[in-house]
Amino acid sequence: MRKPEPVQIVKQRRDAALERLVGGVPYIRFLGIKFDRRGDELTAIMPFDDKLIGNPMLPALHGGATAAFLETTAIVELAWAMLWEDMENTEGQDFEPQLFTPRLPKTIDFSVDYLRSGLPRDAYARARVNRSGRRYASVHVEGWQDNRSRMFAQATGHFLMPSRDE
């Protein structure tokens with residue numbers, strides 16, 4: 001019978017797995033997106049940067065930056081959910097974050113609702129997986145800035161899941 005691991009080791013392994021998952025995508029680094037992990041829940045954070053402004057007269061976040069932020073949040077949430085299953089099913093003790101190859105879902109379609117202008121400040125997003133099967137997943141994402149109840153954008157996407165055999 002295995003002895004339970006100390007909590008700090010489990011947290012370090014989960015953080016390393018998330019870093020490996022996110023660190024392999026150059027566009028995430030370009031946008032400056034970070035992920036705050038609390039257990040299995042992720043919150044995406046896109047710190048404000050002048051390069052994200054689309055209309056300098058308002059100023060407002062560019063719609064493409066907003067859409068990319070929400071889509072990235074959805075993809076990472078799906079990949080994290082798959083990875084979480086792998087980590088937790090083996091009780092983590094057989095899972096080595098540095099040895100796994102990140103597998104990211106591919107976008108089938110993605111629809112964004114721009115609810116108000118994105119202000120020149122940090123943005124946050126959380127994704128909720130509505131359905132996830134072996135081949136297909138549906139995800140809803142909400143983006144906000146200062147007040148979570150006042151979303152500036154929301155999106156729904158459908159994704160092709162990577163094979164678990166790869």
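A helix crossing counts as right-handed if the near helix is turned clockwise from the far one by less than a right angle, and as left-handed if the turn is anticlockwise. The legends below describe a predicted model.

**View 1. Helix α1 crosses helix α3.** Two packed helices are described by the angle between their axes and the distance between the axes. Helix α1 covers residues 7-23, and its axis comes within 11 Å of the axis of α3. The two axes cross at roughly 140°. Angles over 145 degrees would count as roughly antiparallel. The helices α1 and α3 are therefore oblique to each other. The crossing of α1 and α3 is right-handed. On the α1 side, the contact is made by Arg14, Ala17, Leu18, Leu21 and Val22. On the α3 side, Val76, Ala79, Trp80, Leu83, Trp84, Met87 and Glu88 take part.

**View 2. Trp80 and Trp84 pair within helix α3.** The whole structure holds four aromatic pairs. In one of them, the ring centres of Trp80 and Trp84 lie 5.9 Å apart. Their planes stand at 55°, so the pair is tilted. Trp80 and Trp84 are four residues apart in α3 (residues 63-89), which means a separation of about one helical turn. Are these two tryptophans buried or exposed? Trp80 is buried, and Trp84 is buried too. Trp80 and Trp84 also belong to the contact that α3 makes with α1.

**View 3. Tyr124 and Trp144 stack between strands β6 and β7.** The ring centres of Tyr124 and Trp144 are 6.0 Å apart. Their planes are at 25°, so this pair is stacked. Tyr124 lies in strand β6 (residues 123-132), and Trp144 lies in strand β7 (residues 136-144). With the two positions 20 residues apart, the pair links distant parts of the chain. Tyr124 has 26% relative accessibility, so Tyr124 counts as partly exposed. Trp144 has 8%, so Trp144 counts as buried.

**View 4. Charged side chains sit over aromatic rings.** Which ring lies beneath the charged end of Arg148? The ring is that of Trp144, with its centre 4.5 Å from the charged end. Trp144 is also the stacking partner of Tyr124. Elsewhere, Lys51 lies over the face of Phe30. Here the distance to the ring centre is 4.3 Å.

**View 5. Gly118 is buried in the loop between β5 and β6.** Strand β5 spans 106-114. The relative accessible area of Gly118 is 5%, so Gly118 counts as buried. Beyond its neighbours within four places in sequence, Gly118 contacts Pro59, Ala60, Leu61, Gln145 and Phe152. The C-alpha atoms of Gly118 and Thr66 are separated by 7.9 Å, although the residues are 52 apart along the chain. Pro59 lies in another loop, between β3 (53-55) and β4 (60-61). Most peptide bonds are trans. The bond from Leu58 to Pro59 is cis, with omega near -20°.

**View 6. Leu115 and Asp122 lie in the loop between β5 and β6.** Leu115 has a relative accessible area of 40%, so Leu115 counts as partly exposed. Leaving out neighbours within four places in sequence, Leu115 is in contact with Met151, Phe152, Ala153 and Gln154. Leu115 and Phe152 are 37 residues apart along the chain, with 5.0 Å between their C-alpha atoms. Phe152 is in contact with Gly118 as well. Asp122 is partly exposed, with a value of 33%. Leaving out its own neighbours within four places, Asp122 contacts Met46, Pro47, Phe48 and Gln145. Gln145 is also among the contacts of Gly118. How far apart are the C-alpha atoms of Asp122 and Pro47? They are separated by 4.4 Å, with the residues 75 apart along the chain.

**View 7. His158 and its contacts in strand β8.** Strand β8 holds residues 151-160, His158 among them. Residues up to four places away in sequence are not counted here. His158 touches Lys106, Thr107, Ile108 and Asp109, and also Tyr136, Ala137 and Ser138. Ser132 lies 26 residues from His158 along the chain, and their C-alpha atoms are 9.7 Å apart.

Methods. Residues numbered from 1 in each chain as written. Predicted model: local features only at pLDDT ≥ 70, side-chain atom pairs only at ≥ 80, totals over all residues. Heavy atoms only, no water. Phe/Tyr/Trp six-rings, centres within 6.5 Å; stacked < 30°, edge-to-face > 60°. Buried < 20%, exposed > 50% of the residue type's maximum accessible area, 1.4 Å probe, protein only. Lys NZ or Arg CZ within 6 Å of the ring centre and 35° of its normal. Axes fitted to C-alpha atoms, helices over the stretch in contact; angles between N-to-C directions. Parallel < 35°, antiparallel > 145°, perpendicular 65-115°, else oblique. Contact = heavy atoms within 4.5 Å.
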